[in-house]
Amino acid sequence: MILLNGPNTPFGRMALVTALELGVSVENRVISVGSAEWLDAHNPLRQIPTLLLEDGDALFDSRVICGYFASLAPGVDLIPTDLKVATRWALVLGLMEAGVARQMERMRPAGEQSPGVIAGLERRIARTLARLETEADIICAEALRIDRIATAVALFYIDFRYPHDWREAAPRLARWVERVGERPAMLATQPR
Ligand SMILES: N[C@@H](CCC(=O)N[C@@H](CS)C(=O)NCC(=O)O)C(=O)O
């Protein structure tokens with residue numbers, strides 16, 4: 001199977017880290033999604049990540065892909081049926097979305113950017129980081145779980161696209177993510 005991915009999408013990185021951590025064999029193919037008209041036939045949203053299966057079917061979005069990878073490694077409780085974990089995962093996906101949306105806004109021509117939109121997204125990011133820090137006791141552990149993988153990927157994406165000193169306000173997350181960043185799956189998937 002082929003994971004259609006980008007060079008620095010947090011959603012795609014989360015999916016790839018999940019596969020690597022679970023030992024699921026997948027070909028990671030980095031594409032230019034903006035010009036990939038051929039992708040529409042597999043995913044009309046023309047978004048990455050999209051997973052192409054051997055039988056020609058396509059799976060998206062990143063949550064579904066992670067769920068599929070988890071189904072291939074039943075010995076690991078990667079996505080427990082715990083609504084608190086599911087909600088934390090949704091929160092972290094929202095953090096990724098806010099980071100991506102901020103980046104998209106900043107890539108618009110200078111005169112077309114909205115400082116108000118950017119400031120609103122930065123406030124959303126700050127609120128989310130503050131909430132995650134209050135849950136650090138639950139997040140900052142070694143056992144493989146989807147909310148932890150997603151949190152680590154999201155924090156590194158914030159560093160990559162919105163470098164600022166979030167660590168002072170979230171010291172426990174900051175210490176934990178340094179350790180997680182040394183895992184082979186994280187080192188192998190660093191944004192370019
Ligand atoms: N909800 C989707 C979001 C995926 C997404 O936003 N992907 C971005 C890259 S970070 C993308 O494909 N952007 C291209 C576009 O939307 O035109 C998921 O979780 O996979």
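Helices (H or I, at least four residues) and strands (E, at least two) are DSSP runs, numbered from the N terminus. The model is predicted: local features need pLDDT of at least 70, side-chain atom pairs count only at pLDDT 80 or more, and totals for chains, interfaces and linings use all residues. Residues are numbered from 1 along each chain as its sequence is written, and side-chain values use heavy atoms, with hydrogens and water left out.

**Exercise 1. Work out the strand order of the sheet, then place helices on it.**

Step 1. Let's start with pairing: two strands pair if DSSP finds at least two bridges between them. The order that results is β2-β1-β3-β4, an open sheet of four strands with mixed pairing. At the edges sit β2 (27-30) and β4 (58-59), each of which pairs on one side only.

Step 2. Now look at one pair. Strand β1 (residues 2-5) runs parallel to β2 and is joined to it by four bridges. Leu-4, for example, has Arg-29 of β2 as its bridge partner.

Step 3. Add a helix. Helix α1 (residues 10-22) packs on the sheet and touches β1 and β2 (contact means heavy atoms within 4.5 Å). The direction of α1 makes about 155° with that of β1. Here axes are lines fitted to C-alpha atoms, for helices over the stretch in contact, and angles run from 0 to 180 degrees between N-to-C directions.

Step 4. Add another. Helix α2 (residues 62-71) lies across β1, β3 (50-52) and β4, and runs at about 45° to β3.

**Exercise 2. Classify two helix pairs by their angles.**

Step 1. Have the classes ready: angles under 35 degrees count as roughly parallel, over 145 as roughly antiparallel, 65 to 115 as roughly perpendicular and the rest as oblique.

Step 2. Take α1 with helix α3 (residues 83-106): their axes come within 10 Å and cross at roughly 140°. The pair α1 and α3 is therefore oblique. Pro-10, Phe-11 and Met-14 of α1 meet Trp-89, Leu-93, Met-96, Glu-97 and Val-100 of α3. By class, this contact has seven nonpolar, no polar and one charged residues. For that count, Ala, Val, Leu, Ile, Met, Phe, Trp, Tyr, Cys and Pro are nonpolar, Asp, Glu, Lys and Arg are charged, and the others, Gly among them, are polar.

Step 3. Next, helix α4 (residues 115-134) packs with helix α7 (residues 171-180) at an angle of about 80°, with axes 8 Å apart. So α4 and α7 are roughly perpendicular to each other. Leu-129, Leu-132, Glu-133 and Thr-134 of α4 make the contact with Pro-171, Arg-172 and Leu-173 of α7. The residues of this contact divide into four nonpolar, one polar and two charged.

**Exercise 3. Map the ligand site and inspect its backbone.**

Step 1. List the residues around the ligand (one heavy atom within 4 Å of it): Thr-9, Phe-11, Val-33, Gln-47, Ile-48, Pro-49, Asp-61 and Ser-62.

Step 2. Look for polar atoms. An N or O atom in the side chain of Gln-47 is 3.0 Å from a ligand oxygen atom. A ligand nitrogen atom is 2.8 Å from a polar backbone atom of Ile-48, and a ligand nitrogen atom is 3.1 Å from an N or O atom in the side chain of Asp-61.

Step 3. Check the peptide bonds. Ile-48 and Pro-49 are joined by a cis peptide bond, with omega about 5°; Pro-49 lies in the loop between β2 and β3. The bond from Phe-60 to Asp-61 is cis, with omega near 5°, and Asp-61 is in the loop between β4 and α2.

Step 4. Finish with phi. Arg-46, in the loop between β2 and β3, has a positive phi of about 50° although it is not a glycine.

Key
A polar contact is a pair of N or O atoms within 3.5 Å; within protein, one must be able to donate a hydrogen and the other to accept it, and residues adjacent in sequence count only if both atoms are side-chain atoms.
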